[in-house]
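Trainee: I've got a structure here that I've never looked at before. Can you walk me through it?

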Amino acid sequence: MNSLRPGLNEAQVYRMKLKKPQICIRVLTTWVILLFLGIPLTAQRFSAGIVGGLNASQIDGDMLAGFDKIGLMGGVKAVVNFESRFAMNIEFLYTQRGSKPDIFAPEYDPDISIFLHYAELPVYVSLGDWWQEEGEYYKVSAHAGLSYGRLISARTEDYFNKDESKYDLLIPYFNQNDLSWFVGVGYQVNKNLGFSGRYTREIIPLLSPKNNNLLNSRLTNYYLTFRLEYYF
């Protein structure tokens, strides 16, 4: 059973949050700088687009299994197309994540749900294949990169644990900064319209019990994303 370590008041929680490392921001900033420093002057062109789709997510450590939490995602992206099969991508997204009981058999899971809302900044490199002369684009692609996220809001619904062990009490300890890695694939219907899917997993967990003197399990979010992309 989960439980909070006694003796922590709101002031202590606030001080602990102030002391949380900002390593995720530094890592992402370094990543972006290194990528831009590597852009050749002969880069062919820039392009931009909008993306939208769904996340299917779950959280390790919450006693639930399965990608049952369905959430929305959407935003904008910019692409630097090189004179090769490689391209650099940067996106600004709003995403919904979390976890909930099994969609088809909820009676077999603890009645616990976690709802997370993030602003995200993914940066990644893509590799294209199957060149289309008409339209000048690659039909398929693979990509990999890092994403920095900032937690906008969080809430829980816990009808399983007792009052002193409810997940509601963990919200003040959730990491506000998120750093994740991801891999994915894409398919272009034509020059303007495409689909993509990716798998994302946190490097910095949602909840770090040892850092906050908690007795709970470590909570790590991971999810599948299915997207529709339109390029201008």
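**Charges on the inside**

Mentor: Sure, let's start with Lys-77, which has 6% relative accessibility and so counts as buried. Keep in mind that this is a predicted model.

Trainee: Okay, which residue forms a salt bridge with Lys-77?

Mentor: Look for a carboxyl oxygen within 4 Å of the Lys-77 side-chain nitrogen, because that is the cut-off for a salt bridge. Here the closest N and O atoms are 3.9 Å apart, and the partner is Glu-229.

Trainee: How many residues apart in sequence are the parts that this pair ties together?

Mentor: Check the strands. Lys-77 sits in strand E2 and Glu-229 in strand E8, so the salt bridge ties together parts whose separation in sequence is 152 residues.

Trainee: And is Glu-229 buried or exposed?

Mentor: The cut-off for buried is under 20% relative accessible area. Glu-229 comes out at 5% relative accessibility, so it counts as buried.

Trainee: Which strand, running antiparallel, is joined to strand E8 by 12 bridges?

Mentor: Glu-229 helps us here, since it is the bridge partner in E8 of Val-51. Glu-229 is also the bridge partner of Gly-194, and strand E7 (residues 193-202) pairs with E8 in the antiparallel sense over nine bridges. The strand joined to E8 by 12 bridges is E1 (residues 45-60).

Trainee: Which residues do salt bridges that share partners join into one network?

Mentor: Let's take another pair before that. Asp-178 forms a salt bridge with Arg-97, with the closest N and O atoms 3.4 Å apart. As for your network, its members are Lys-77, Glu-91, Arg-198, Arg-227 and Glu-229.

Trainee: What about the nonpolar side: which strand gives the largest share of the largest nonpolar core?

Mentor: That core has 14 residues, and Leu-116, Phe-174, Leu-206, Leu-207 and Leu-219 touch the most other members. The largest share is four residues, and they come from strand E4 (residues 112-132).

Trainee: Is Val-76 buried, partly exposed or exposed?

Mentor: Val-76 is in strand E2 (residues 69-81). Together with Ile-50, Phe-92, Tyr-230 and Phe-232, Val-76 makes a nonpolar surface patch of about 530 Å². Its relative accessibility is 44%, so Val-76 counts as partly exposed.

Key. Residues are numbered from 1 along each chain as its sequence is written. This is a predicted model: local features need pLDDT of at least 70, side-chain atom pairs count only at pLDDT 80 or more; totals for chains, interfaces and linings use all residues. Side-chain values use heavy atoms; hydrogens and water are left out. Patches are made of residues with over 30% relative accessible area and no salt bridge: like charges are joined within 9 Å, nonpolar side chains (Val, Leu, Ile, Met, Phe, Trp, Tyr) within 5 Å. Accessible areas come from the Shrake-Rupley method with a 1.4 Å probe; for residues, only the protein chains shown count as cover. Helices (H or I, at least four residues) and strands (E, at least two) are DSSP runs, numbered from the N terminus. Buried means under 20% relative accessible area, exposed over 50%, partly exposed in between (1.4 Å probe, protein chains only). A nonpolar core is a set of buried Ala, Val, Leu, Ile, Met, Phe, Trp, Tyr and Cys residues joined through side-chain atoms within 4.5 Å. Two strands pair if DSSP finds at least two bridges between them.
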